[in-house]
Amino acid sequence: MHSSAIPIWFFIGVLLTVYGALILGYGIYELSTGTMAVQNFHASVWWGALMLLVGLFYLIRFRPSRAS
Amino acid sequence: MFELVPAYLAAGLPSMTAAFAGTGASSLAHLSLLDLAVIAIYFVMVIWIGFYLKGQANTSEEFFMAGREMTAWIAGLSFVSANLGSLELMGWAGSSYQYGILAAHWYWVGAIPAMLFLGMVMMPFYYVCKTHSVPGYLKLRYGQGSSTVAAVSFAFMTVLMSGVNMFAMAEVMKIVLGWNLNFSIIVSSLAVAAYVALGGLRSAIFNEVLQFVLIWGGALLVPILGLIETGGWSGFKARLAQNIATGATPAGDYTHMWRSMGHFADNPMGIHWTGIVFGLGFAISFGYWTTDFLVVQRVLAANSLRSARLAPVIGSFFKMAVPFIVILPGLLGLVVLQNADGSLMHLVGENVVAAHPGAGLHSYNEVLPLMMVRYLGPGLLGLGITALIAGFMSGMAGNVSAFTAIFTYDIYQPHIVKHARDEHYVLVGRIVTIVGVVISIGAAYLVMNAAGIMDYVQALFSFFISPLLGVVLLGMFWKRATKQGGFWGLLMGTLTSIGLWAWVKADPSALRFVAISPDAKDMAENMYRALWSVTTSVGVNVIVSLFTKPRPIAELAGVVYGATPLPTEEPVPWYKNEWFWTAIAVVIFFALNIYFW
C-alpha cells in the first residue's frame, strides 16, 4: 500500500459511523414517539448503535495519521 | 463477469430482469427522506474514493493491477464480493422460497472446493509467472493465438455483461422503488465511469469491499429478525411443518440438501447428486472460480504469494456464510410473509404474475425485497436498497475494470501498439474505461428492447468457461500439453457446449440424453453440459498433444507444475498459515453439508 494511503477500512469506518448515527438517531426518535412497527424489534436502535460502534472503531483504528 | 446470473447459477434460473419486467406491479417499497439520504451518502462516498485513489493510479501496474498491493483480506473480500451480485441474491432467495435449501448447493459445493483449490494449488502458478490476466497465462503456456481468442471473447462478453447488469439494476429499481429507467442507467453509469476511470482496479476493489460491508449491514438484519419472529430455526421448521400439514405451503423437503438427490424425480429441481458433485461442483464451479478473470484478477492484485493464496481461503468463509442472508430469508418468507388481510402470502412464478396483471401477485424473485420491506424501517430500508445498488454498481465496475485490463494488455498491446511508454497504456486504460461504460449503456438499451437476449448472453458465458478450465488445468499440470492440443481442446470443448445447448434448445426432450435421465429438469442441463464440455476439452487436448511436439521443459518454467521452482515463503505462526485456515474451511464445509444433509 502507498505509504500515505488512506486504507479502505477508514472509508468503511466513515460510512458505518454516518449510517449508524442516522439510523440510531431515527430509532431513538421512533422510540420516543412510539411509532416503531412491531416486527422491527427496535432494530433501528440496536442495529444503528452496533453500526455506530463498529464504524467508530474503524474510524479511529485506521485514521490516516495512524495508518501512515 | 457472471455477476448477474452466473453461468454456474444460470441453469434453470429464470431471467431475472425479464421476470421483473413482466410483473407490471406497482413499486414494492416507498422510501423516506432518511432512506434517500442513506443512498445519496453512498454515491458521495464512491465518488470520493475514486477521486482520492486517482493519485495512486499513475502507472499501468497501479491502474490495471492495483499496484499488486492488496492485503489478503482486501483481495479476499473483493474476490468473493465480485460474485455477490444483487440479482444473484434476489434470484437465489427466490429459488430457496421455491425449492428450499437445495439452493445452498450453489454456495457450498458449487464454490468452496474450487475456491480452496485456486488458493492452495493454482495460485502459485498464476502468481509466480506474474501474469496480469488469464489470457496472459494462456499466452505464456500455449502462445499468442489461444490467448487472443480468449481475450477477445472475454472482452466482448464482459462489456456486454456490464450493460446487462446496468439494465438489470434499472429494471429492479423501477419495480422496487418506481424509479425511471433512464435515471437509474445514467446515474449508475456516470458513477461507475468516474470511479473506475479515476482509480482503476484499486478503486473497483475498494468499492467491492465497501459493497461487501453494505450487503452484510443491509441484509443481515432480515434473517435475524425473521428468526426472532419465528422462534429460531426449530421454530421456523415447526411453523413450516404446520403450513405443509394444513396445505398452506406446497409439500416438500425444504430443509435438507442431499436426502432427495438420489434420483432426478425425487427433488423439485430435477437434479441428481452426480450432476451436483461433478457438473456443478467441478466443471462449472472450478471453471468459474479458477479461470474467470473477473474474480481471478482480484487475487492477482495481492501483495505477496501468501496473500494471494490466503485471499480465496478468506473468501471461502464468507461464501459459506452467504446463504444466511440469501437462502434463509427465502425460506423464512414461506412462513412470515403476509397479505394485507393477514393471510399467508403465496409467491408464484413469473408466468403466473404476467398472466394476472393487476391481481397484486408477487413472484418468487421478489421475496428478498418483500422481506426487507417487512422488517426494515426508515433508514434501514435505505441501507438495504443501498446494498442492492452497491451490488449492481460494483458488478458493473468489476466487469468494466476487467474489460479495460484485458483489452489493453491482451489486445491493444500485442496487436495495435506494441512498444509505447507506460503512461500511454494508462491513458488508453482510462479511455477504454469510458468506452467500456458507453458500450455498456448501449448494451443496456439493447437488452431493454429485446429482453430475450439476456438468456443468450448467459448461455454464451457458459460456452467458454468449462472448456477453458480443461485447457488451463492440463496446461498447468501436464508438461506434455502442446500449443495445438490447447487450441483444439478449447475449440472442441466450446463446440460441444454450443452443440448440446442448441440441441436442447431445438428439441427440449434431448435433455434426457444430455443429463442421462428422462426425469431431468432444466437445472440439470447446465451441469451435465459443462461436464461433457470439460471432458471433451481435456480428451481432445490429451490426444492432440500426444501427436504433436511439446515445448522444451526449460520454456515451461514458471507456468507448469514440475517445471516451476516455487518460492520459499517466510515461516509464519500457525494461525497465519494458509494451510491451517484451509483445513478449518474444509471442516466447516463438511459440517454444514452433514448438518443439513
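In helix 25 of chain B, the residues B:E578, B:W581, B:T582, B:A585 and B:F589 are buried, a residue being buried if 20 or more other C-beta atoms, placed from the backbone, lie within 10 Å of its own, exposed if 12 or fewer, and partly exposed in between. These buried residues cover an arc of only 105° around the axis, which puts them on the same side of helix 25 of chain B, the arc being that of the directions from the helix axis to the C-beta atoms. They pack against helix 7 (112-128) and helix 15 (305-321) of chain B, whereas the face turned away from the buried side carries the exposed residues B:W579, B:V587, B:F590, B:A591, B:I594 and B:Y595.

This is a predicted model, in which local features need pLDDT of at least 70 and side-chain atom pairs count only at pLDDT 80 or more, while totals for chains, interfaces and linings use all residues. Residues are numbered from 1 along each chain as its sequence is written, and chains are lettered from A and ligands numbered from 1 in the order in which they are written.

Chain B as a whole has 25 helices and zero strands, these being DSSP runs numbered from the N terminus (helices H or I, at least four residues; strands E, at least two). Of its 597 residues, 59% are buried, and its C-alpha trace spans about 75 × 55 × 55 Å along the principal axes.

Turning to the partner chain, 22 residues of chain A are in contact with 26 residues of chain B, contact meaning that the C-beta atoms, placed from the backbone, lie within 7 Å. Helix 1 of chain A gives the most to the side that touches chain B, with nine residues.

Conventions. Two residues are in contact if their C-beta atoms, placed from the backbone, lie within 7 Å.
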